[in-house]
Amino acid sequence: MSLFLFDMDGVLLDSMPLWEHLGEDFLRLHGRVPKPDFRSHILTMSMPQAAALLQEEYGFTQGEKELVAGLDQLAAGFYTEKAPAKEGVREALEDLARQGCPCVVATATDHHLAEAALRRTGLLPFFHHIYTCTELRLSKDGPAFVQKILEKEGVAPEGAVVVEDAIHAIRSARAAQIPVLAIFDETSREVWPQIRALAQWSLEDWRDFPQLSLASGK
């Protein structure tokens, strides 16, 4: 059966609203004003990439580790106490487990935050590994991140499915020749038609997963 590589934010968890505001909150906390395009840029970044952006464009002199720790501190309460699972996702994971499909998490969120949120929502047991951009030192801007995961798992691209909501990560998966199941999230509403055109399968609601045929596509 296929190996499923699940993004976390916007796919497993309804957590994208946090990332829409986290960077801006951090800037204002330190007396900086975010540029008009700041939010759209940071939404696609890993923590180290966000730290580099803060250094290069906003004059932060702290090192990467210190900046990541500051962002982590703002995000920690949300992941450990609040971040909800998306409706219907647990049932979809149970369905995949019954079919014997192995699942991993492939996320730009740091490991300890991802693990805390998945444990609290009861989703952690469905995944045998959490892979993060920070730990692999790769981003979702290109195919190398998912390719490295497949290498570690010993799975060929055609034996995997990437489950994503973000168009840049979907394009990267397609560049790696991995089939994609796209999940709708409100933050991607404007590009949803493009996402649907790129993905082999798409769902606007996890509760429709039982009706999805992963054999036929679309």
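**Close-up views of a predicted model**

**Figure 1. Gln177, a residue in the loop between H9 and E5.** Look for Gln177 in the loop that joins H9 to E5. This is a predicted model, and in it Gln177 comes just after H9 with a positive phi of about 65°. Gln177 is a residue other than glycine, and its phi is positive all the same. Is Gln177 buried or exposed? Gln177 counts as exposed, because its relative accessibility is 65%.

**Figure 2. Arg137, a residue with a positive phi that is not a glycine.** The phi of Arg137 is about 55°. You will find Arg137 in the loop between helix H7, residues 133-136, and H8. With a relative accessibility of 64%, Arg137 counts as exposed.

**Figure 3. Helix H9 and what covers its buried residues.** Helix H9 runs over residues 167-175. Which residues of helix H9 are buried? They are Ile167, His168, Ala169, Ile170, Ser172 and Ala173. The cover over the buried residues of H9 includes two helices, H8 (144-153) and H10, together with strands E4 (160-164) and E5. As you trace the helix, it helps to recall that an α-helix has 3.6 residues a turn, so residues three or four places apart point the same way.

**Figure 4. Thr187 in the loop between strand E5 and helix H10.** Strand E5 covers residues 180-183 and helix H10 covers 192-198, and the loop holding Thr187 lies between them. At 31% relative accessibility, Thr187 counts as partly exposed. Which residue, 170 positions away along the chain, has its C-alpha atom 7.9 Å from that of Thr187? That residue is Pro17. Setting aside residues up to four places away in sequence, Thr187 touches Met16, Glu20 and Asp165.

**Figure 5. Val105, a buried residue in strand E2.** Strand E2 spans residues 103-107, and Val105 is part of it. Val105 counts as buried because its relative accessibility is 0%. What surrounds the residue? Beyond its neighbours within four places in sequence, Val105 is in contact with Phe6, Met8, Leu12, Leu118, Phe127, His129, Ile130 and Tyr131. Another pairing to look for is Val105 with Asp7: the two are 98 residues apart in sequence, yet their C-alpha atoms are 5.9 Å apart in space.

**Figure 6. Thr132, a buried residue in strand E3.** Strand E3 is made of residues 130-132, and Thr132 belongs to it. The relative accessibility of Thr132 is 0%, so Thr132 counts as buried. Which residues does Thr132 touch, not counting those up to four places away in sequence? They are Thr107, Thr109, Asp110, His111 and Phe145.

**Figure 7. Cysteines Cys101, Cys103 and Cys133.** How many disulfides are there? The count comes to zero. For Cys101, the closest cysteine sulfur is in Cys103, and at 6.7 Å it is too far for a bond, since a disulfide needs the two sulfur atoms within 2.5 Å. Cys133 is in no disulfide either, and its nearest cysteine sulfur, that of Cys103, is 18 Å away. Cys101 is buried, with a relative accessible area of 7%, and Cys133 is buried too, with a relative accessible area of 2%.

**Figure 8. The protein chain that frames these views.** Stepping back, the secondary structure of the protein chain comes to 10 helices and six strands. The radius of gyration of the chain is 17 Å, close to the 17 Å that the globule rule gives for 218 residues, so the chain is as compact as a globular protein of that length. Along its principal axes, the C-alpha trace spans about 50 × 35 × 35 Å. Buried residues make up 50% of the 218 residues. Of the contacts with a separation of 6 or more, 63% involve residues 24 or more positions apart. The chain exposes about 10,200 Å², and carbon and sulfur atoms supply 50% of that area. As for charge, there are 21 positive and 32 negative charges, and their mean positions are 1 Å apart.

Definitions and conventions. Residues numbered from 1 in each chain as written. Predicted model: local features only at pLDDT ≥ 70, side-chain atom pairs only at ≥ 80, totals over all residues. Heavy atoms only, no water. Helix = DSSP H or I, 4+ residues; strand = E, 2+ residues; numbered from the N terminus. Buried < 20%, exposed > 50% of the residue type's maximum accessible area, 1.4 Å probe, protein only. Contact = heavy atoms within 4.5 Å. Rg over C-alpha atoms; globule rule 2.2 N^0.38 Å. Areas by Shrake-Rupley, 256 points an atom, 1.4 Å probe, with all protein chains shown as cover. Lys, Arg positive; Asp, Glu negative; His and termini not counted. Charge placed at Lys NZ, Arg CZ, Asp CG, Glu CD.
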